[in-house]
Amino acid sequence: MPPTDANRFATMFADVRRYDEVDSTNRVAADLVRGGAPEGVVVVADHQTAGRGRRGRSWEAPPSSSLLVSVVLRPPDPRLSSLATIACALAAADACGDVAGFTPGMKWPNDLVVGPEQACDERKLAGVLAEAPDGSPAVVVGLGLNLRWPGALPSHLESIAVTAEAVADRPVDRDRLLGAYLHRLEERWRGLAGVGEGAVMARRAMMDDYRRRCVTLGRAVRVSLPGDQACAGMATSVDDDGSLLVTAAGATTTTRILAGDVAHLRPS
């Protein structure tokens, strides 16, 4: 499929490839990377038949109900790969503010959530998944963001998920949201991928921004780790590489977690 016209909101993401239906936008983008696709290629789909989240979970959404988009990034420094998810999550949150009039919070490591911070009942608006195809230095980052739902949310989702239109209480244009997302992502990525002191400052500023917005920090959490392990304690900070720092009750040492699934616990 040939690329669409250049998106008026972005320059480095001008090669936008649209599909009515795919199994996964990340899979399509990964195949393009294997074929030599340059940085900035964007894959957008109206529907995914096998959308994926972290740890093999599925992404459930009817046709035309979500913003489903994957971008190809080629970090000049391998250390930037771990920050690609954060850059995309922040860009998506900013795009919601630009187009829908509200800014979701960040739940570590890759979810956008909306809800009362102290009630432990934030509902998921979006998820971000970064993958490196076959060990490639390129990174494919997928975003699935709930825009609307035909009728009421299914009972198994109504307490854990939310749509942008439900929060905004008005229609939210998908193409406008896409354009704002790509524009915001370009702003962040060009700063991160630069050289010299400017790039260092951009990375520090982004992580400071993420920490300010991360609703996980200062909360009692339980983190499910690979290998059926778990860690519980207070989420105290996020390191500059995106790792979550958790201190167990009564402990003097902090556990550094690079990958895991967080559950926010209610106060005792």
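Here is a short question-and-answer tour of how the helices and strands of this predicted model fit together.

User: Before we start, what pLDDT do local features need here?
Analyst: Residues are numbered from 1 along each chain as its sequence is written, and side-chain values use heavy atoms, with hydrogens and water left out. This is a predicted model in which totals for chains, interfaces and linings use all residues, side-chain atom pairs count only at pLDDT 80 or more, and local features need pLDDT of at least 70.

User: How many helices and strands does the protein have?
Analyst: Helices (H or I, at least four residues) and strands (E, at least two) are DSSP runs, numbered from the N terminus. On that basis, the protein has five helices and twelve strands.

User: And what is its radius of gyration?
Analyst: The radius is taken over C-alpha atoms, and the globule rule is 2.2 Å times the number of residues to the power 0.38. For 268 residues that rule gives 18 Å, and the protein comes close to it, so it is as compact as a globular protein of that length. Its C-alpha trace spans about 60 × 50 × 35 Å along the principal axes. The radius of gyration itself is 18 Å.

User: On to the sheets. In what order do the strands of the seven-stranded sheet come?
Analyst: Two strands pair if DSSP finds at least two bridges between them. This open sheet has mixed pairing. Strand S1 (16-22) and strand S4 (105-107) each have a single partner strand, so one side of each is left without a neighbour in the sheet. The order is S1-S2-S3-S7-S6-S5-S4.

User: Which residue in S3 stands opposite Ala45?
Analyst: Strand S2 (residues 42-48) and strand S3 (residues 66-73) run antiparallel and are joined by four bridges. Across from Ala45, in S3, is Leu68.

User: There's another open sheet, with five strands. Which strands are its edges?
Analyst: The order in this one is S11-S10-S9-S8-S12, and the pairing is antiparallel. From one strand to the next, the twist averages 45 degrees. An edge strand here pairs on one side only, and the two are strand S11 (254-257) and strand S12 (261-264).

User: Which residue in the hairpin of S8 and S9 takes a positive phi?
Analyst: Strand S8 (residues 220-225) and strand S9 (residues 229-238) pair in the antiparallel sense over six bridges. Their hairpin has three residues between the strands. The positive phi, near 80 degrees, belongs to Gly227.

User: What about the turn between S9 and S10: which residue has a positive phi there?
Analyst: S9 and strand S10 (residues 244-247) are antiparallel too, pairing over four bridges. Five residues lie between them in the hairpin. With a phi of about 95 degrees, the residue is Gly242.

User: Can we follow the bridges across this sheet? Which residue in S11 is the bridge partner of Thr247?
Analyst: Start at Ala220, whose bridge partner in S9 is Met234. Met234 in turn stands opposite Thr247 in S10. S10 and S11 run antiparallel, joined by four bridges, and the partner of Thr247 in S11 is Thr254.

User: Now the helices. How far apart are the axes of H2 and H4?
Analyst: Axes are lines fitted to C-alpha atoms, for helices over the stretch in contact, and angles run from 0 to 180 degrees between N-to-C directions. H2 and helix H4 (residues 174-192) pack at an angle of about 135 degrees. That makes H2 oblique to H4 (under 35 degrees counts as roughly parallel, over 145 as roughly antiparallel, 65 to 115 as roughly perpendicular and the rest as oblique). The axes are 8 Å apart.

User: Which residues of H5 does H2 meet?
Analyst: The axes of helix H2 (residues 84-99) and helix H5 (residues 196-213) come within 11 Å and cross at roughly 60 degrees. The two helices are therefore oblique to each other. Contact means heavy atoms within 4.5 Å. Ile86, Ala87, Leu90, Ala93 and Asp94 in H2 meet, in H5, Met206, Met207, Asp209, Tyr210 and Arg213.

User: Last one: at what angle do H4 and H5 cross?
Analyst: In H4, the residues that meet H5 are Arg188, Gly191 and Leu192. The axes come within 7 Å, and the crossing angle makes H4 oblique to H5. That angle is roughly 130 degrees.
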